[in-house]
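Student: Please take one loop of this model and look at it closely, and then follow its contacts outward into the rest of the fold. I would like a single connected account rather than a list.

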Amino acid sequence: MFLSKLDSLKEASSKIEQHQKVMSSEVVSLGEAHKRVLAEEIKSFHDSPPFDKSAMDGFAVRAEDTFGASKSAPKTFKIVDSIGAGVASNKTIGPNEAIVIATGAPIPEGANAVIMKEYTETVGDEVILSSQVTPGENVSPKAEDIKKGSVILSPKTFIRYQELGLIASAGYSEVEVYKKPRVKIIITGNELVDPTKEELDPAQIINSNQYSISAMVHDSGAVAEVGRAHDTFDEVKEAILKATEEYDVVITTGGTAISKGDVVLDVIDEIGDMLLHGVSIRPGKAFGCGVVNDTMVFAFSGQPVAAMGQFDMFARRYLFRMQGRDFEFDIVKKESELKIPSQLGRTDFIRTYSDESHARHILNRGSGVIRSMVDANSYIIIDENDEGYQKGDMVDVVFFDSMIW
């Protein structure tokens, strides 16, 4: 685990992990199961394919009868039947006999190969072969993919489109999966207003966090709903208490610093069990979390970039694990194009643009500069025991896309 070498992050993550919750399961139709996590073992009800079937359009034959056939020495077979997909023949193929067969149709009795149509010429009720085939050629044998009764997928398997096809072939129209966590996002801040084209009043700021954090929740397989609370102790307290009774996880933004009006962490401390208040990271030092009514409450900074970073560092893994799926940073090595200063005792998540071989960090990267996240596609992670990197050093990079559910 990458975080094991980052002392402050390791300690913070350990405290959160001690309160990790896992969702119960639900049964959903197969059409709703894409990108869900299995909560049951999948055993096949069928062989797949359920019979020896043709893998090509052509002619079912006895392979031994075709031996020696070539363009210069063609062989002639008698056509005794014709079958399409979904149809079976009641004929048994004899010596030098052939049956017209479509892709997916059952191999008729007596046949053991299919010669492709391209190597044949039909004349009346006869077919001329200009090539030979070997036993089993162009035949998909019974149970080649799945054997009836076999375990084909285990619990905690992430269901991609590939797994959907396999589950369907096994005979399932619905599956048991982990429920999606329901996340309440509470936006605090008296200065925040909804997006508008109108001129803002003095001291007003457009609320972007509700959109970015909601999207990050959805990108973690969960469901988000947004609410607001003014910067008063009682209103924030009421909002958090109500949310912890109705939702699986609560996320707040704003109110995590020490200035007047920053009340979120005081509320958590009074009504719950405060786990963290401040972590030696950048951006996002003003991070807190606690447990209220047995529900995890993540308290993010109101600064947009800091909030995004805090989500990636702490909440994303928690939401993944709630659904039976683990999450680790997928670290790749890139060469730094610039010198990157850092400070001992602090873990830096540096916004970066990386290509196949190099990483160039974004120079303008204040915690409120959303453009820096738009211009980046990755983080460079600098260990708290490092004092930065020189140009040309190999650095640890995590691509944003690698963290998406």
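**A loop with a proline and a phenylalanine**

Tutor: Proline 283 has its place in the loop between E19 and E20, and this loop is where I would begin, bearing in mind throughout that the model is predicted. The peptide bond that leads from arginine 282 into proline 283 is cis, its omega being near -5°. As background, most peptide bonds are trans, and most residues other than glycine have a negative phi.

The loop holds a second point of interest in phenylalanine 287, which lies between strand E19 (281-282) and strand E20 (288-292). The ring of phenylalanine 287 pairs with that of phenylalanine 314 in a stacked arrangement, with 4.3 Å from centre to centre and 10° between the planes. Because phenylalanine 314 belongs to helix H7 (residues 304-322), the pair ties together parts that are 27 residues apart in sequence. Phenylalanine 287 and phenylalanine 314 are both buried, and the structure as a whole comes to 14 aromatic pairs.

Following phenylalanine 314 into H7 brings us to the largest cavity, since phenylalanine 314 is one of its lining residues, alongside Ser13, Ile16, Glu17, Gln20, Met313, Arg317, Tyr318 and Arg321. The volume of this cavity is about 80 Å³, and the structure holds 2 cavities of 30 Å³ or more. Helix H1 (7-17) and H7 each contribute at least two residues to the lining, although H7 gives the most, with 5 residues. Sorted by class, the lining has 4 nonpolar, 2 polar and 3 charged residues.

The charged part of that lining leads on to the salt bridges. As a general point, side chains of opposite charge can pair when their charged atoms come close. Here Glu17, Arg317 and Arg321, which line the cavity, are linked with Asp326 and Glu328 in a network of salt bridges. Within this region, arginine 321 forms a salt bridge with aspartate 326, the closest N and O atoms being 3.4 Å apart. Arginine 321 has a relative accessible area of 21% and is therefore partly exposed, given that buried means under 20%. Aspartate 326, at 45%, is likewise partly exposed.

It is worth setting two other salt bridges beside this one, out of the 19 that a search of the whole structure finds. The side chains of aspartate 348 and arginine 346 meet at 2.8 Å, N to O, and both of these residues are buried. Glutamate 270 forms a salt bridge with lysine 237, with 3.2 Å between the closest N and O atoms. That pair links distant parts of the chain, for glutamate 270 sits in helix H6 (residues 264-271) and lysine 237 in helix H5 (residues 233-246), 33 residues apart. Lysine 237 counts as partly exposed, at 25% relative accessibility.

Aromatic residues appear again in a cluster in which ring pairs link Phe158, Phe320, Phe327, Phe329, Phe349, Tyr379, Phe400 and Trp405. Arginine 325 has its charged end over the ring of phenylalanine 158, 3.7 Å from the centre of that ring. The charged end of arginine 325 also sits over the ring of tryptophan 405, at 4.9 Å from its centre.

Returning to the backbone, where this account began, there is a cis peptide bond from serine 48 to proline 49, with omega near -5°. Proline 49 is found in the loop between strand E2 (42-43) and strand E3 (53-54). Asparagine 293 is not a glycine and yet has a positive phi of about 55°, and its place is in the loop between E20 and strand E21 (295-300). Lysine 35, in the loop between strand E1 (25-29) and E2, has a phi near 60°, again a positive value in a residue other than glycine. Asparagine 293 is partly exposed, with a relative accessible area of 43%, and lysine 35 is partly exposed with a value of 43%.

Methods: Residues numbered from 1 in each chain as written. Predicted model: local features only at pLDDT ≥ 70, side-chain atom pairs only at ≥ 80, totals over all residues. Heavy atoms only, no water. Salt bridge = Lys/Arg side-chain N within 4 Å of Asp/Glu carboxyl O. Helix = DSSP H or I, 4+ residues; strand = E, 2+ residues; numbered from the N terminus. Buried < 20%, exposed > 50% of the residue type's maximum accessible area, 1.4 Å probe, protein only. Phe/Tyr/Trp six-rings, centres within 6.5 Å; stacked < 30°, edge-to-face > 60°. Lys NZ or Arg CZ within 6 Å of the ring centre and 35° of its normal. 1 Å grid on protein atoms, 1.4 Å probe; cavity = no way out; pocket = protein on both sides within 12 Å on 5 of 7 lines; lining within 4 Å. Points joined across faces, edges and corners; volume = space filled by probe spheres on them. Nonpolar A, V, L, I, M, F, W, Y, C, P; charged D, E, K, R; others polar.
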